[in-house]
Amino acid sequence: MMTEEKLKGWKQLMADYPWFDCEGCYRLPAYSEFMPSPLIGRKPLGEIDSAIFSEDDLYGYKITEMEEEYELHPGIGHIGHQIMTNIIRLGKGQTEHHIHGHGGKNLTGNPYWPDELKSVAGKLTHERFVTLLPMMLSRTQDDKGRVTWTFFGNSIHDPEETFWKGFYRSPSEELPGIEIDGFFNKLLNGAYSEKTGKGISLLKAGLRILPVSGKSNLPSWTRDLTVTDSFAFRTIKYLLTFRPFKDLPPEVKDLYISGKLALIPFPGSLVFWGMPNYNKLKKAFPPAGQIPLHNLVARNRGINTLRVTQAGWFHEPHPDNEKHQINEELVINSYHRTHRWEKIHRYQDELNQNVQKVKIAKAFFSTDTDSLGLYDKPLARNCQIWS
């Protein structure tokens with residue numbers, strides 16, 4: 001058997017198969033208690049699923065045409081619209097509750113939104129709000145056993161690292177130049193009406209790349225475009241960087257604020273990686289890093305969308321009526337409860353049906369007969385809860 005160190009790509013997921021070949025190694029969870037993750041790529045009895053994994057592409061994950069047509073393509077557009085609405089409000093200096101958080105704590109000390117950038121919000125008439133957001137998606141199983149693509153929020157990894165990995169087919173194989181040029185030509189033309197291609201290279205168009213640090217692992221084709229802090233930034237038009245605005249060279253800040261330089265992506269769109277409380281929580285529970293972006297998207301389950309689970313704050317008054325400082329705009333105190341026995345189509349929006357809407361605390365914890373009924377067991381085990 002190959003050792004785990006020699007396995008590459010998806011084969012690492014299959015290491016030590018069969019994992020269940022011992023007493024107590026393969027449990028059958030009761031679906032009435034907790035919906036388990038779907039079994040993808042290989043079932044307990046069977047071979048590797050060739051519809052997902054193949055020997056000639058160890059780092060690829062195949063997606064069906066149906067998934068692309070009915071879930072991923074329209075779904076990313078659907079959640080993208082909600083995200084961009086909030087980001088643009090932030091950039092225009094308007095109050096955006098889900099980004100600011102309770103008392104604005106999400107942006108206090110956030111290196112991606114320092115006071116010098118906040119003070120000019122709404123005054124940057126040249127800003128096109130180009131956003132490059134690495135997101136977390138996964139296939140999950142809902143209460144009816146249907147496996148669909150689900151949105152979990154922003155990537156828990158650094159945005160620069162995640163973005164540049166998208167230009168590789170494997171750790172050692174970069175995408176072909178025609179795909180790279182196509183991406184950047186579409187970006188510059190769509191956002192800035194900059195004509196590239198047909199003899200006009202990204203270099204001639206005035207695009208440069210400023211890494212977060214000298215240790216950034218950029219593709220080889222970026223070598224001629226990469227610059228350092230001492231570069232004469234006044235000679236270019238576009239700067240692609242994921243560095244926090246607080247840490248940018250003074251010349252870059254001045255040129256951007258004066259409208260003489262476009263920053264890609266919009267600096268404020270990266271605030272989700274700089275929120276102090278979530279970063280603190282992330283140290284103990286890494287998936288918490290997904291929450292900032294997840295909070296911007298409403299719960300969803302329907303045709304032409306991704307599945308989005310409910311996330312947000314709920315508030316239970318203190319028994320002695322103690323007052324707490326909360327932002328009412330962020331509070332979601334109710335939950336649409338769905339059931340596995342509902343007769344609806346796979347891509348039908350079950351949240352628009354005649355669904356029971358209950359108080360969140362009651363759905364989470366209540367064991368009263370009226371709350372439980374026949375199917376409504378407490379949902380606390382299906383949730384992650386923090387104070």
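# A tour from Phe184 outward

Start by selecting Phe184, which is buried at 3% relative accessibility. The model on screen is a predicted one.

Keep Phe184 selected and add Phe183. The ring centres of Phe183 and Phe184 lie 5.1 Å apart with the planes at 90°, so this pair is edge-to-face. Phe183 itself is partly exposed, its relative accessible area being 33%.

Next, add Phe163. This residue is buried, with a relative accessible area of 12%. The structure holds 21 aromatic pairs. Phe163 and Phe183 make one of them, a tilted pair with 6.2 Å from centre to centre and 50° between the planes. Colour helix α4 (residues 159–165) and helix α5 (residues 177–192): Phe163 belongs to the former and Phe183 to the latter, so their pair ties together parts that are 20 residues apart in sequence.

Now widen the selection to the whole aromatic cluster. Which residues form one aromatic cluster with Phe163, Phe183 and Phe184? The other members are Trp164, Phe167, Trp221 and Phe242.

From the cluster, move to the nonpolar core. The largest one has 64 residues, and those touching the most other members are Trp164, Phe184, Leu239, Leu240, Ile264, Val271 and Phe272. Trp164 and Phe184 will already be on screen from the aromatic cluster.

Select Ile264 and show what surrounds this side chain. Setting aside residues up to four places away in sequence, Ile264 touches Val130 and Leu132, then Leu187, Leu188 and Tyr192, and also Tyr238, Leu239, Leu240 and Thr241. Another core, of 5 residues, lies apart from the largest one; among its members are Ile360, Ala363, Phe364 and Leu379.

Go next to Thr150, in strand β2 (residues 147–154). Is Thr150 buried or exposed? Thr150 is buried, at a relative accessible area of 1%. Draw the distance from its side chain to the backbone oxygen of Thr148, which is reached at 3.4 Å. Then display the contacts of Thr150 beyond its neighbours within four places in sequence: Met136, Leu137, Ser138, Thr140 and Arg307.

For the last stop, select Tyr17 and Arg42. Where does Arg42 lie relative to the ring of Tyr17? Arg42 is over the face of Tyr17, at 3.5 Å from the ring centre.

Technical notes:
Residues are numbered from 1 along each chain as its sequence is written. This is a predicted model: local features need pLDDT of at least 70, side-chain atom pairs count only at pLDDT 80 or more; totals for chains, interfaces and linings use all residues. Side-chain values use heavy atoms; hydrogens and water are left out. A nonpolar core is a set of buried Ala, Val, Leu, Ile, Met, Phe, Trp, Tyr and Cys residues joined through side-chain atoms within 4.5 Å. Buried means under 20% relative accessible area, exposed over 50%, partly exposed in between (1.4 Å probe, protein chains only). Contact means heavy atoms within 4.5 Å. Rings of Phe, Tyr and Trp (its six-membered ring) pair if their centres lie within 6.5 Å; planes under 30 degrees apart count as stacked, over 60 as edge-to-face and the rest as tilted. Helices (H or I, at least four residues) and strands (E, at least two) are DSSP runs, numbered from the N terminus. A charge sits over a ring if NZ of Lys or CZ of Arg is within 6 Å of the ring centre and within 35 degrees of the ring normal. A polar contact is a pair of N or O atoms within 3.5 Å; within protein, one must be able to donate a hydrogen and the other to accept it, and residues adjacent in sequence count only if both atoms are side-chain atoms.
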